[in-house]
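Got your viewer open? Here is a walk through one structure, stop by stop, with something to select at each.

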Amino acid sequence: MDSGLKDTAIVLSKHFYYYKLSNIALVASMEKLRNETPETQDCVTKLRRNPERRREKVVIGCGAGFGGDRPIAALKLLQRVKHLDYLVLECLAERTLADRYSAMKSGGVGYDPRISEWMQLLLPLAVERGVRIITNMGAKSPYDAEEEVLRIASNLGISISVGLAYQSSVSEIGVDNKLKDIDGDVSVYLGAAPIVECLERHTPDVLITSRVADASLFLGPMVFELGWNWDDLQLLAQGSLAGHLLECGCQLTGGYYMHPGDRHRKMTFQNLLELSLPFVEVAFDGTVCVAKAEGTGGVLDSSTCAEQLLYEIRDPSSYITPDLIVNFQDVTFQPLSDSKVLCCGAKPSAESLPKKLLLLRSKDCGWKGWGEISYGGYESVERAKAAEFLVRAWMEELYPGLSTNVTSYIIGLDSLKATCINNTLSKHCGDIRLRMDGLFEKEEHAIQFTKEFTALYTNGPAGGGGISTGCKKEIFLEKGFVGREHVNWQTSVATNNPVSSIAVHTKYKRVYHESDSPTEATRSSTKEMTAAPAGQKIPLYDVAHSRAGDKGNDINFSIIPHHQPDIRRLKMIVTPDWVKEVLSPLLNPSSFPNSNDIERRGTWVDEHVKVEIYEARGIHSLNVVVRNILDGGVNCSRRIDRHGKTISDVILCQQVVLPP
């Protein structure tokens with residue numbers, strides 16, 4: 001084991017020893033002190049009174065880009081970048097928010113339970129360095145999250161203050177034209193104002209929010225530190241650009257970018273291992289530089305910035321946040337070094353402020369049942385086809401009509417629809433895995449489906465093994481809009497009174513050493529940017545790169561040419577009809593669709609699937625939005641790739657003929 005990992009193990013073992021102290025000792029070591037009654041405000045924009053410029057420049061790091069990110073990577077960022085002012089942990093999305101709703105309904109916690117793990121590791125060094133942590137892990141229970149963080153801090157012998165900025169109530173006009181409270185199962189995307197207010201009033205060491213828009217988590221400390229006001233629209237646009245680029249963590253610095261099949265995106269495994277989370281330097285005049293730690297791996301350049309710019313957005317000229325509507329069409333990126341990029345060109349849209357805020361309402365989606373079985377060797381695909389036929393027939397025998405609730409696909413062949421099934425499949429297909437997913441109104445139907453699938457062991461074709469099944473209640477988040485005046489938020493702060501005798505943070509071990517810096521990883525790769533050939537069939541991989549993201553039941557993917565002038569020819573190829581033709585197989589109910597299935601699919605695509613194509617002029621790229629293609633969206637989709645993230649490679653593997 002390398003010395004850095006040994007140090008990490010020592011640190012973690014020490015911390016978890018203290019974490020497991022008796023409840024009595026914990027109660028004695030933590031006396032929570034709430035300083036004042038929370039003040040309630042609505043979401044109507046109000047100008048700040050005499051905002052103070054506290055810094056000429058603020059440095060904000062992204063410690064987490066989603067709920068499953070790596071705490072140890074955030075700790076390395078803290079250690080490597082000694083001039084950080086803030087560390088943002090962005091851990092809440094539609095899927096994770098739905099998970100919190102489900103957990104609360106079954107008696108669990110409404111905040112992200114991993115907040116304990118994150119704070120256990122980060123608090124000692126963050127407090128020692130004076131780096132404030134901002135996170136949306138409060139989700140549906142910010143007060144409970146605050147309690148847990150104070151408990152962890154007391155465990156570590158650290159005296160801290162924990163601020164809250166959270167949705168306190170939401171109301172809407174009912175059928176009787178009277179306002180009624182709907183806060184229980186509703187989450188509204190708040191903007192940066194609650195964060196700014198909490199920082200101004202309380203300056204906490206840790207600030208926990210409910211559902212705050214991703215970019216707003218970063219914009220809040222910029223507004224607070226740099227003395228911006230809510231009518232400084234050009235500054236807010238640049239700040240929102242910075243937040244949007246950082247919000248997904250390592251996706252900006254080479255994560256989710258490396259691709260062995262694309263000569264422009266090749267990267268060694270060691271280089272990928274040495275990724276650095278990003279940070280941003282924002283000046284009071286709106287100058288934005290995104291960066292990664294010096295001497296780290298990955299890559300930060302115009303290409304990685306372009307992919308992240310178009311990630312999970314619709315029209316680049318109208319990127320809607322609770323704080324303002326931003327125009328990204330003319331954004332450009334200028335690399336200043338291997339580890340820093342200047343970002344320019346964001347500006348407010350013509351309609352600068354959304355009148356309403358996005359609201360997510362928890363709804364039951366039904367019961368999901370699924371099963372998987374593997375086949376290998378001769379005629380494995382045909383045996384999977386037989387197994388699929390049997391499970392559907394058995395379900396029809398018991399519950400007529402319910403087999404239409406089931407989708408199926410073959411992992412290793414067409415589960416991502418990156419290849420097409422035809423009648424010339426090899427008899428020697430290697431090992432494959434049949435996956436079937438059903439979404440039912442009743443739990444008993446989902447359970448019965450798993451039983452019928454398991455019956456393949458003795459009743460299905462030969463050689464099937466490794467069966468796994470499952471069943472769960474699904475919740476989805478229905479989108480709506482609510483007036484700003486009907487959404488209220490509060491801020492507050494609480495402190496602890498730890499027992500200093502258990503303090504360990506001043507002797508905190510490093511997990512990163514200067515000698516650990518990669519050498520090969522830091523070399524700048526020289527990319528040959530030449531025009532793609534015309535008049536011959538080539539994969540789109542040779543022309544462009546792409547990243548896909550989801551919002552509800554819609555997908556967006558970017559088309560970013562390696563050679564910028566190729567955008568002219570790509571616009572002739574990538575049309576709405578071409579996109580529909582490529583992606584329509586995603587809607588097949590089975591790996592073996594018949595003519596009726598294909599006809600029904602075509603009708604459904606014509607009626608429901610809409611394709612919108614936008615151009616981002618500054619980066620010479622396309623952003624393609626496909627609506628109603630994700631089988632209901634991440635929280636209730638029956639597909640193996642619920643987010644649709646693999647669609648980018650489905651697009652790039654298509655053969656195209658570019659015009660001259």
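The stops below run from the whole chain to single residues.

**The whole chain**

Before you click on anything, keep in mind that this is a predicted model. Show the cartoon first: the protein chain has 18 helices and 28 strands. Now colour by burial if your viewer can do it. Of the 660 residues in the protein chain, 57% are buried. Contacts are worth a look too: taking those between residues at least 6 apart in sequence, 79% join residues at least 24 apart.

**Stop one: helix α17**

Select residues 595–608, which make up helix α17. This helix has 14 residues, and from first C-alpha to last it reaches 20 Å, close to the 20 Å expected at 1.5 Å a residue.

Which residues of α17 are buried? Show sticks for Asp-597, Arg-601 and Val-605. Look down the axis and you'll see these on the same side of α17, because they cover an arc of only 70° around it. The general rule behind this is that an α-helix has 3.6 residues a turn, so residues three or four places apart point the same way.

Next, add α16 (576–583), which is part of what covers the buried residues of α17. Then spin round to the face turned away from the buried side, where you'll find the exposed residues Ser-595, Glu-599, Arg-600, Asp-606 and Glu-607.

Before leaving, zoom in on the start of α17. A side-chain oxygen of Asn-594 comes to within 3.0 Å of the backbone nitrogen of Asn-596 there.

**Stop two: the salt bridges**

Side chains of opposite charge can pair when their charged atoms come close. The count for this model is 39 salt bridges, and here are a few to pull up.

Start with Arg-95 and Asp-99, whose side chains meet at 3.3 Å, N to O. Both sit in helix α4 (residues 94–105), 4 residues apart, or about one turn of the helix. Arg-95 is partly exposed, at 32% relative accessibility, and Asp-99 is partly exposed as well, at 28%.

Now select Arg-265 and Glu-307, a salt bridge at 3.9 Å, N to O. This pair links distant parts of the chain, 42 residues apart: Arg-265 is in the loop between α9 (233–246) and α10 (269–273), while Glu-307 is in helix α11 (residues 302–309). Buried or exposed, these two? Arg-265 and Glu-307 are both buried.

For a longer reach along the sequence, pick Glu-474 and Arg-642, which form a salt bridge at 2.5 Å, N to O. Here 168 residues separate the partners, with Glu-474 in strand β20 (residues 465–483) and Arg-642 in the loop between β27 (621–627) and α18 (647–652). Glu-474 is buried at 3% relative accessible area, whereas Arg-642 is partly exposed at 23%.

To finish this stop, select Arg-55, Asp-85, Arg-132 and Glu-225 together: salt bridges with shared partners join them into one network.

**Stop three: the cysteines**

How many disulfides does a search of the whole structure find? The search finds 0. Click on Cys-365 and check its surroundings: the nearest cysteine sulfur belongs to Cys-636, 3.2 Å away, and Cys-365 is in no disulfide. The cut-off for a disulfide is sulfur atoms within 2.5 Å, so this pair is not counted as one. Cys-365 counts as buried, at 18% relative accessibility. Another one to click is Cys-198, which is buried with a relative accessible area of 0%.

**Stop four: His-244**

Go to helix α9 and select His-244. This histidine is buried, with 0% relative accessibility. Its side chain reaches the backbone oxygen of Leu-309 at 2.9 Å. Show everything around His-244, ignoring neighbours within four places in sequence, and the contacts are Ala-215, Gln-308, Leu-309, Tyr-311, Ile-313, Tyr-319 and Phe-328.

**Last stop: two positive phi angles**

Select Glu-312, in the loop between α11 and β12 (319–320). Phi of Glu-312 is near 55°, a positive value in a residue other than glycine. Glu-312 is buried, at 15% relative accessibility.

Then jump to Asn-628, in the loop between β27 and α18. Asn-628 also isn't a glycine, and it has a positive phi of about 65°. Asn-628 is partly exposed, with 29% relative accessible area.

Key
Residues are numbered from 1 along each chain as its sequence is written. This is a predicted model: local features need pLDDT of at least 70, side-chain atom pairs count only at pLDDT 80 or more; totals for chains, interfaces and linings use all residues. Side-chain values use heavy atoms; hydrogens and water are left out. A salt bridge is a side-chain nitrogen of Lys or Arg within 4 Å of a carboxyl oxygen of Asp or Glu. Buried means under 20% relative accessible area, exposed over 50%, partly exposed in between (1.4 Å probe, protein chains only). The expected span of a helix is 1.5 Å times one less than its number of residues. The arc is that of the directions from the helix axis to the C-beta atoms. Contact means heavy atoms within 4.5 Å. A polar contact is a pair of N or O atoms within 3.5 Å; within protein, one must be able to donate a hydrogen and the other to accept it, and residues adjacent in sequence count only if both atoms are side-chain atoms.
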